[in-house]
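Me: Please take a close look at one part of this model for me: the pairing of oppositely charged side chains. I'd enjoy one connected answer that starts there and then follows the surroundings outward.

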Amino acid sequence: MRKNSVKNTRINTEVAEGACRNHPGGNKGIPEFAPLTSVVAVEVSPDLKTCKAWISVLGDEKAQADTLAGLRSAAGFIKSSWRRKSIFVITPEVCFIMISPLPTE
């Protein structure tokens with residue numbers, strides 16, 4: 001599968017929407033996420049084994065660090081929910097990457 005194929009674009013969109021919907025904050029010791037957390041971009045590898053999700057958190061550095069830690073601890077929960085919903089034949093490992101929001105003056 002090519003990187004810019006229609007299937008890969010559809011999967012990237014589904015992963016971005018799924019990451020927003022599957023907010024497990026407060027469950028199983030996973031901390032709440034900052035209220036203004038957004039998935040900026042998602043890239044699933046062509047072999048569907050890995051997924052990079054770039055996120056942005058509006059807030060101070062502590063809120064950003066807590067949200068990133070919460071998302072990383074929720075990666076298994078998100079992966080299992082994708083598996084239960086049969087989105088993928090192979091369920092990718094999720095890697096969250098923080099993007100700093102633009103400074104406001």
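Reply: Happy to! Asp66 and Lys62 are about one helical turn apart, because they sit four residues from each other in helix H2. Helices here are DSSP runs of H or I with at least four residues, strands are DSSP runs of E with at least two, and both are numbered from the N terminus. The side chains of Asp66 and Lys62 meet in a salt bridge, with N to O at 2.8 Å. The term salt bridge stands for a side-chain nitrogen of Lys or Arg within 4 Å of a carboxyl oxygen of Asp or Glu. Asp66 is partly exposed at 34% relative accessibility, while Lys62 is exposed at 56%. Those words follow relative accessible area: buried is under 20%, exposed is over 50%, and partly exposed is in between (1.4 Å probe, protein chains only).

Before going on, a word on the ground rules. This is a predicted model, so local features need pLDDT of at least 70 and side-chain atom pairs count only at pLDDT 80 or more, whereas totals for chains, interfaces and linings use all residues. Residues are numbered from 1 along each chain as its sequence is written, and side-chain values use heavy atoms, with hydrogens and water left out.

Searching the whole structure gives two salt bridges. Besides the pair in H2, Lys79 forms one with Glu93, where the closest N and O atoms are 2.3 Å apart. This pair links distant parts of the chain, since Lys79 belongs to helix H3 and Glu93 to strand S3, 14 residues apart. Lys79 is buried, with a relative accessible area of 15%, but Glu93 is partly exposed at 46%. As background, side chains of opposite charge can pair when their charged atoms come close.

Let's stay with Lys79 for a moment. It is one of the buried residues of H3 (residues 75-84), along with Ala75, Ile78, Ser81 and Trp82. Viewed down the axis of H3, these buried residues fall within an arc of 160°, so they line one face of the helix. The arc is taken from the directions between the helix axis and the C-beta atoms.

Lys79 also leads us to a loop residue. Thr91, in the loop between H3 and S3 (93-99), is buried at 13% relative accessible area. Beyond its neighbours within four places in sequence, Thr91 is in contact with Leu48, Lys79, Trp82 and Arg83; contact means heavy atoms within 4.5 Å.

Leu48 in turn takes us to a hairpin. Leu48 is found in the loop between S1 and S2, and it is buried at 13% relative accessible area. This hairpin has five residues between the strands, and in it Leu48 takes a positive phi near 65°. S1 and S2 pair in the antiparallel sense over seven bridges, with Thr37 opposite Val57 in S2. Two strands count as paired if DSSP finds at least two bridges between them. S2 also pairs with S3, this time in the parallel sense and over seven bridges; there, Ile55 has Met98 of S3 as its bridge partner.

Ile55 brings us to the interior. The largest nonpolar core has 18 residues, and Ile55 is among those with the most contacts inside it, together with Val42, Val44, Leu71, Val94 and Phe96. Such a core is a set of buried Ala, Val, Leu, Ile, Met, Phe, Trp, Tyr and Cys residues joined through side-chain atoms within 4.5 Å. The elements giving it two or more residues are S1 (37-44), S2 (50-57), H2 (61-73), H3 and S3, so both helices that carry our salt-bridged residues, H2 and H3, take part. S2 gives the most, with four residues. Setting aside residues up to four places away in sequence, Ile55 touches residues including Leu68, Leu71, Phe96 and Met98.

Next to Ile55 in the numbering, Trp54 lies in S2 as well and is partly exposed at 21% relative accessibility. Outside its neighbours within four places in sequence, its contacts include Val40, Val42 and Ile97.
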